[in-house]
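Colleague: Please show me the model, and then let me ask why things in it are called what they are called.

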Amino acid sequence: MIGKIHQMLFGLLAVITLNACHPKPLPTSIVESDALGRRVLPLTQPYYPQWEGEAVSPSLQGSMETTRQLAWRVFAEVVTPVSFVTRTNDDRILQAAVPRFLTWFTIEDAQRWFRYALQQSPTDQVVQGGSLTAAQVDAADLFLTHELDTMPEPLRNRLRLWFDEHPEPTLEEWSGIGGTSRVYYSPDLMHAVLQNYAELGGCFQGLQRPAAFGTDPTCLRTEWPRASAIVKAAWWNSQSQFKSFPTDAATLQQLMKNPESSWMQIAQNQDTPKTILSVRVGEQQLVLPGLHIMTKDQKDWLWITAWWSADPDSDFGADRPEFVRNISPLLGHYKICAVTRFQDDAEDWDALAQKYPDLVAAFRAAQSGNPGSSWCSNPYVEMGVSNQRTNCIGCHQFAGTDARQDAILHDAVQFPQYGTRQQRSNFITDYVWSAALGGQSLHQLIHRNLTWRKTLPVE
Amino acid sequence: MKLVMISLALMGLAACQEGKPTSQLKDNPAAEETTRGGTNPFPVDSLNETEIRTVAARIGYVEGDGHPDNGKCIGCHQNFNNIDVLDDLYNTTSWAYSCFDSGVSTRTEATAAIACLTNLDNNATDVKQVGPGALGFMAAGVHHKIFKDLFKTAGREADYEQFRSNAGMPLAGTPFVDQDFENLLAWVLNYYPSLADFLTHDGPDLCRTRADTQIGKDLQAYVKRMSEGGLGWEHVNMARGVTMFACPDTNKHNCFTQKGQNGQDLFPRADSWKAPGLPGHMRLLHQYDETTNYWIRSSADGRFVGNGGQPSAIIDLQNKLSGGKARKITVEALYDPAFLPDNSGFIFQGDEHGSRICEQNILEHEDLVTLDFMQQGCSKGDLKIGLYQAIGSNLDSGDIRTLAGYFSSDSGYSINRDIAPLFGKAAGLTMDTIRRVNDGSFEKVNSRTMSTPYHGSWMMSPANQIATSIVSASTGGKARHGGYRLFMMNSNFGSKGKLPDLNDPSTALLCTDGGEKPSVSFDERMLAYYRYARQGQRVNSLESSSDILVYDLLRGKEPIALTQMPKGYYAQFPHYRSDGWLYFTVLNAWTEERFVVATDMSIHLEKSPITQP
């Protein structure tokens, strides 16, 4: 025991040094999604692209007003509740609704989906890396919806208990039954990833990734499909201290002046709002103050981020369309920004300023922290120092490489202007960080399950 | 004078231990001293009652006279209240003391003494590397003038500071003044005169018999919801698709049945260790190639097994499925691995990194050889969690909770008989809440302490809703095992600064007649623990054993012994993985080999109740 006491004291000394160097991050809550949710919620609902023009469109890229109008439509498409009917354990039929993106694939859904698909596939097919057929994809989709019925009785009891305790579930309760996730993938994207698993699965060896500025070709034979969409959600426990962030021009101007600043400098404590998208998981209420949405509406994706605001009709909410206001009171307090390209060369700023002076003033203030680049940053998601000066697309161009996100933000030599300018011409994973980064990545999911598949008896 | 005092020490030990075999001490250098005379420079004088009280105060057994040096030891070394630990310290101290027996007045003598001190520490090749554990109470005297002179005489004056820094105690504050250390040494080498006065125990008179077991109705209802209602981590993990290691299908009993190309089991059976008449099997998962330290724990999916040591390690069993060797990931920590129940993270303790939590998925990368906590996904600073921590995750929010309180210690090699836990009125508990933060790391967000008199060795269920403790009971002033007390960690738990009453319906008292730190299954229903064989006296490690037992919190009744280990075999450190398979280690004291073993016997017991004589 003497040894144990020694090291405790050394540890105390270490923390004093380390804590001084890091800004205080914000707590997030994740309760991973599971088979109960898939049993109750509808089949994954597609993302329908909202841009009807070409995948590379000067009319979109050159107009901030067009970009924002499109972004509001996408926001509405992604968060608007979709209706469904579901069956209770005792065969009662209930009608319900949840935001569309909550029906999408989580990494846990994908894990179970892919494991089932591999288990059902002939060994030869898997050994050769053969793509899954459309029938195999359909079968795996169907499996997810009734997987719970194949599981041990206690799990079915759990669903029964949930229905007993929620005889008339609210939107918040329906939305939380399957847990939550940090990242949600539209079905077209996840199907593309898993159907051609050998492609992404064979892209990397272990932790090794291509160099940030290497000229390696992309992993992918084709880009992700047009109906691809990803939501990155920042769930907060409602018992945590809630914070709001003013985004008016004066505040942003001040924020961007300080080279060491981050969004946290302008955080304001307040009670957890009632008008915010939330889910109830067991006894916990989780709220969604911020979310990223990236859609493959155009070749280089459409980058949108939305954040809760106490005054939703000002600055970045000034142009909020009526159809967004009408979705639901819970969705009526979000502002957005949106980006279609690396640089800021929209031609309609002056015209936009005529219509929405507060919006353009706020934009100008935000861009003052990194002139020349486009701008879009979420106070609830981008927490690091200087992260408020970024534009989503700049960082994501390095997805699949060994570039570290802290280096992108702070190594001004390698990544000028906080990594917001275009530095690559090919994109290893088509801009998707979660394809290759970390143990929860799609690559790791494929690798893990292929390894598991090899341990099964040969049929 | 010295000769007389050493003899008294041996008499004291014999009297205290009532017939302890002399073979334990026959090679004791202090005993040698009785025939050689020697010129040991440390005085070992007899102490009067006042001096003894002063020593006891300096250590911290009694309050004393308010001297600022009082309480130097016990604040950190709570195990100084454990008689077997004090026994070991007596021996270690004696060996260290004996290094001075031939005197230190010449360069040759001093050099020999330094070499002797070096030899006391198996991990040291030079005296500068000697740690305090090798010196016993002598570690509190390395600041003494005699030690300084020793290095000077040997011509190694320059090495003294590093030796003192490595081996000296206490770590913080001022060291003992020379006179106080001399009195302490005399007290130890006289075998703790009047120790019984200090250790007389006044714990509650609980669990006189096994029939005193009681399980509150609220706690039992909770267990029912978690297990049969499918709300516990076992079923949550199943619903999320957590893949259990070495399970080819959904039948749990088919796990670990894989065969190699030669048709032999990849995980050989070890059913000879099973208690007779019970269903299920035991499988050997791994054999360690070096000494481990303190407990082992495994990931929720059973793929990773962490152990303390120097260095610590995490064993990845994955390659075994293809007939290969387990992969070892070295960890820059010393002990106390534990894994989160949702298969998402793990904690280690010790060394310069302190308490660190990392995302579990970083372990999957086959090119990870050494974990130094600089990896992305590890907490960036020391989370400052107490040792022997329990860890669990909230089912509704994913919030992580840790419990750390007073504990008794078991290195895995140091104990070989069932000894009474000793926790006093001052025992306490700290509960920390930790959350993931959005930079991919972990942060402590809340910390609460509470008084837990006579309760220690706290553990916690995976869903962090049941806290378990061992009660330090007493009868007639003598300490004994007072069973396991379980508490639901609801708003009542510690709300008034004290533990709930015995008759509180959200608590339980399991009178198991012994047992070490327990582990609760992922459906919160089964409690597994290990128990050393009851011995009337200290015995050699080849003459004793320890077994694994489980208690069914849903059915109640009696604990069931899963193992029946032969003498010299120690089944230790049981803990569950998500699907109910139970992992533990077996130490073969004859060969000093240690194995990781898994069994599905507890799963069988959930399905069909069995009683044992």
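Colleague: Why is there no bond between the sulfur of Cys73(B) and the closest cysteine sulfur?

Modeller: This is a predicted model, and in it the closest cysteine sulfur to that of Cys73(B) belongs to Cys76(B), 9.0 Å away. A disulfide needs the two sulfur atoms within 2.5 Å. The distance of 9.0 Å is therefore too far for a bond. Seen from the other end, Cys76(B) is in no disulfide either, its nearest cysteine sulfur being that of Cys73(B) at 9.0 Å.

Colleague: What makes Cys73(B) buried or exposed?

Modeller: The relative accessible area of Cys73(B) is 9%. Buried means under 20%, so Cys73(B) is buried.

Colleague: And how do you class Cys76(B)?

Modeller: Cys76(B) has a relative accessible area of 32%. Exposed starts over 50% and buried ends under 20%, so with its 32% Cys76(B) is partly exposed.

Colleague: How do you know that Cys99(B) and Cys116(B) are joined?

Modeller: The S to S distance of Cys99(B) and Cys116(B) is 2.0 Å. The cut-off is 2.5 Å, so the pair counts as a disulfide. The two cysteines are 17 residues apart and link distant parts of the chain: Cys99(B) is in the loop between helix H4 (83-98) and helix H5 (107-120) of chain B, and Cys116(B) is in helix H5 of chain B.

Colleague: Why is the disulfide of Cys99(B) and Cys116(B) given a hand, and which one?

Modeller: The torsion about its S-S bond is about -70 degrees, so the disulfide of Cys99(B) and Cys116(B) is left-handed.

Colleague: What class of burial does each of Cys99(B) and Cys116(B) fall into?

Modeller: Cys99(B) has 6% relative accessibility and therefore counts as buried. Cys116(B), at 24%, counts as partly exposed, because buried means under 20%.

Colleague: What makes Cys247(B) and Cys255(B) a disulfide?

Modeller: Their sulfur atoms are 1.9 Å apart, which is within 2.5 Å. The torsion about the S-S bond of Cys247(B) and Cys255(B) is about 105 degrees, so this disulfide is right-handed. Set against the 20% limit, Cys247(B) is buried at 11%, and Cys255(B) is buried at 2%.

Colleague: Why is the pair of Cys358(B) and Cys378(B) said to tie parts of the chain together?

Modeller: Cys358(B) lies in strand S9 of chain B and Cys378(B) in the loop between strand S10 (370-371) and S11 of chain B, so the disulfide ties parts that are 20 residues apart in sequence. The sulfur atoms of Cys358(B) and Cys378(B) are 2.1 Å apart, and a torsion of about 105 degrees makes the bond right-handed. Cys358(B) counts as buried at 0% relative accessibility, and Cys378(B) counts as buried at 3%.

Colleague: How many disulfides are there over all chains, and what is the pairing?

Modeller: The structure holds six disulfides. With the bonded cysteines numbered in sequence order, the pairing in chain B is 1-2, 3-8, 4-5, 6-7, and in chain A the pattern is 1-2, 3-4.

Colleague: Why are S7 and S9 of chain B said to stand at the edges of a sheet?

Modeller: The sheet is open, with three strands in the order S7-S8-S9 (chain B) and antiparallel pairing. Strand S7 (335-339) and strand S9 (356-359) of chain B each have a single partner strand, so one side of each lacks a neighbour in the sheet. On average, neighbouring strands are turned by 20 degrees against each other, direction ignored.

Colleague: How do you know that S7(B) and S8(B) pair?

Modeller: Pairing takes at least two bridges, and S7(B) and strand S8 (residues 345-349) of chain B have three, in the antiparallel sense. In one of the bridges to S8(B), Tyr335(B) has Gln349(B) as partner.

Colleague: What lines the largest cavity?

Modeller: There are seven cavities of 30 Å³ or more, and the largest holds about 300 Å³ of space. Of the 21 residues that line the largest cavity, the closest to its centre are Arg297(B), Phe339(B), Ile391(B), Met460(B) and Ser519(B). The lining divides into 15 nonpolar residues, five polar and one charged. Strand S3 of chain B gives the largest share, three residues, and S7 is among the strands of chain B that each supply at least two.

Methods: Residues are numbered from 1 along each chain as its sequence is written. Chains are lettered from A and ligands numbered from 1 in the order in which they are written. This is a predicted model: local features need pLDDT of at least 70, side-chain atom pairs count only at pLDDT 80 or more; totals for chains, interfaces and linings use all residues. Side-chain values use heavy atoms; hydrogens and water are left out. Helices (H or I, at least four residues) and strands (E, at least two) are DSSP runs, numbered from the N terminus. Axes are lines fitted to C-alpha atoms, for helices over the stretch in contact, and angles run from 0 to 180 degrees between N-to-C directions. On a 1 Å grid over the protein atoms alone, a cavity is a set of points where a 1.4 Å probe fits but cannot get out, and a pocket is an open set with protein on both sides within 12 Å along at least five of seven lines; lining residues have an atom within 4 Å of a point. Grid points are joined across faces, edges and corners, and a volume is the space filled by probe spheres set on the points. Ala, Val, Leu, Ile, Met, Phe, Trp, Tyr, Cys and Pro count as nonpolar, Asp, Glu, Lys and Arg as charged, and the others, Gly among them, as polar. Buried means under 20% relative accessible area, exposed over 50%, partly exposed in between (1.4 Å probe, protein chains only).
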